[in-house]
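Subject: A structure for you to look through

Hi there,

Here is the structure I promised to pass on to you. Please open it beside this email and follow along as you read.

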Amino acid sequence: MDTAAIVLAAGAGTRMKSKRSKVVHEVLGKPLVRWVIDSAHAAGINRVVSVVGHLKEQVEPLVADTTAVEQAKRDGTAGAVRVCAPALANFDGSLVVLSGDCPLITPETIARLVQTQQENNAAVVVLTMKLENPFGYGRIIRNAQGNVERIVEQKDATPEEAAVNECNSGFYCFDARALFAALDQVSSNNAQGEFYLTDVLEICRNAGRTVMALVTEDNAECLGVNSRVQLAEATKHLQRRINQRHLVAGVTMWDPENTWIGPDVQLGQDVELLPGTMLLGATTVGEDCVIGPNVRLVDANVPAGSVVE
């Protein structure tokens, strides 16, 4: 079955307090939106539609390998997906919806969403997470049989619903035809006055279609970046993830917490990295090199056996 993806990247991100669009802010030298798009590609999804809006002139160059569509009126997540309909005309398959400000989502999790949707012929599979403090997140409401009935946003939740700790991550895999048919029935009759994509789940369930939830194995994958604090948190998560990969592959780091490696950096075997090392961009380091302390290299090519200090 064909698979496509929509990446939502139209938001203003006012809490970033920045002159730049939220999704162009970088983690380890790579814009937030590129982390998401590259994960979709790595999951085997080649057809990607990016929804742009706020400061679109900054975002469009970063999504040039996708089909960019504009959400001129920011009226909610359902509105953002609806503007993608012309770009996905006649598409019949699995459609993943991703958030452009969530750089930790992995190709493996995206592939699991798609596989679950296809194996169960589900109208939608939503990725969920269980949180000790779920305040601010949409709650997953299940029936007595444990099946997903709907998602309730924080401002619309009753006290009983607000006590639920299974939450919406903002990642979905839809049957594309079921999604666009349901979008026509979404209303803005809610506390925000917006068109919620989450309403599609209840609409599909009422139509007799299967609606499922896939609980994430790592809540950190769903971390969204809406502030500089969360940007720093995402950076630390990705720093540790990347460093662990290189450590397992045969790289020595004196202090992994004080070593920063970009996602596209290539390191040879028996490379030794001293504290304060920053390797970014398309940097390549050959075998048996010693880098650091306190060295920053961007798009560099370091021959095997070199010492850079």
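Below is what I found, one region at a time. Please keep in mind that this is a predicted model.

**A strand on the inside**

Let's begin with strand S6, which covers residues 94–99. Is this strand buried or exposed? Six of its six residues are buried, so S6 is largely enclosed by the rest of the structure. In a regular strand, side chains alternate between the two faces of the sheet. You can check both faces here: Ser94, Val96 and Leu98 lie on one side, Leu95, Val97 and Ser99 lie on the other, and all of them are buried.

Which strands are joined to S6? Strand S1 (residues 3–9) is connected to S6 by six bridges, and the two run parallel. To find this pairing on your screen, look for Thr3, which stands opposite Ser94 in S6. Strand S10 (residues 166–175) is joined to S6 by four bridges, and this pair runs antiparallel. Here a good landmark is Val96, with Cys173 of S10 opposite.

**Two open sheets**

Next, please move along to the sheets with short strands. One is an open sheet of three strands in the order S14-S17-S20, with parallel pairing. Its edge strands are S14 (266–267) and S20 (301–302), each of which pairs on one side only. Strand S17 (residues 284–285) is joined to S20 by two bridges, and Thr284 faces Asn301 in S20.

Another open sheet has four strands, ordered S12-S15-S18-S21, and its pairing is parallel. Why do S12 (252–253) and S21 (307–308) each have one side without a neighbour in the sheet? They stand at the edges and have a single partner strand each, so one side of each is left free of a neighbour there. Between strand S18 (residues 290–291) and S21 there are two bridges, again running parallel. Val290 is the residue opposite Val307 in S21.

**Loops with something to notice**

Stay with S18 for a moment, and follow the chain into the loop between S18 and strand S19 (296–298), where Pro293 has its place. A cis peptide bond joins Gly292 and Pro293, with omega at about 5°. Asn294 is found in the loop between S18 and S19 too. Asn294 is not a glycine, yet it has a positive phi of about 55°. Is Asn294 buried or exposed? With a relative accessibility of 66%, Asn294 counts as exposed, because the cut-off for that is over 50%.

Lys17 tells a similar story in another loop, the one between S1 and strand S2 (26–27). Its phi is positive, about 50°, although Lys17 is not a glycine. Lys17 is also exposed, at a relative accessible area of 71%.

**Charges and rings**

Finally, have a look at the aromatic rings. Where does the charged end of Lys30 sit? You will find it over the ring of Trp35, 5.0 Å from the ring's centre. Arg82 lies over the face of Phe195, and the distance to the ring centre is 5.4 Å. How many aromatic pairs does a search of the whole structure find? The answer is one.

I hope you enjoy exploring it. Do write back with any questions!

Best wishes

Terms used. Residues numbered from 1 in each chain as written. Predicted model: local features only at pLDDT ≥ 70, side-chain atom pairs only at ≥ 80, totals over all residues. Heavy atoms only, no water. Pairing = 2+ DSSP bridges. Phe/Tyr/Trp six-rings, centres within 6.5 Å; stacked < 30°, edge-to-face > 60°. Lys NZ or Arg CZ within 6 Å of the ring centre and 35° of its normal. Buried < 20%, exposed > 50% of the residue type's maximum accessible area, 1.4 Å probe, protein only.
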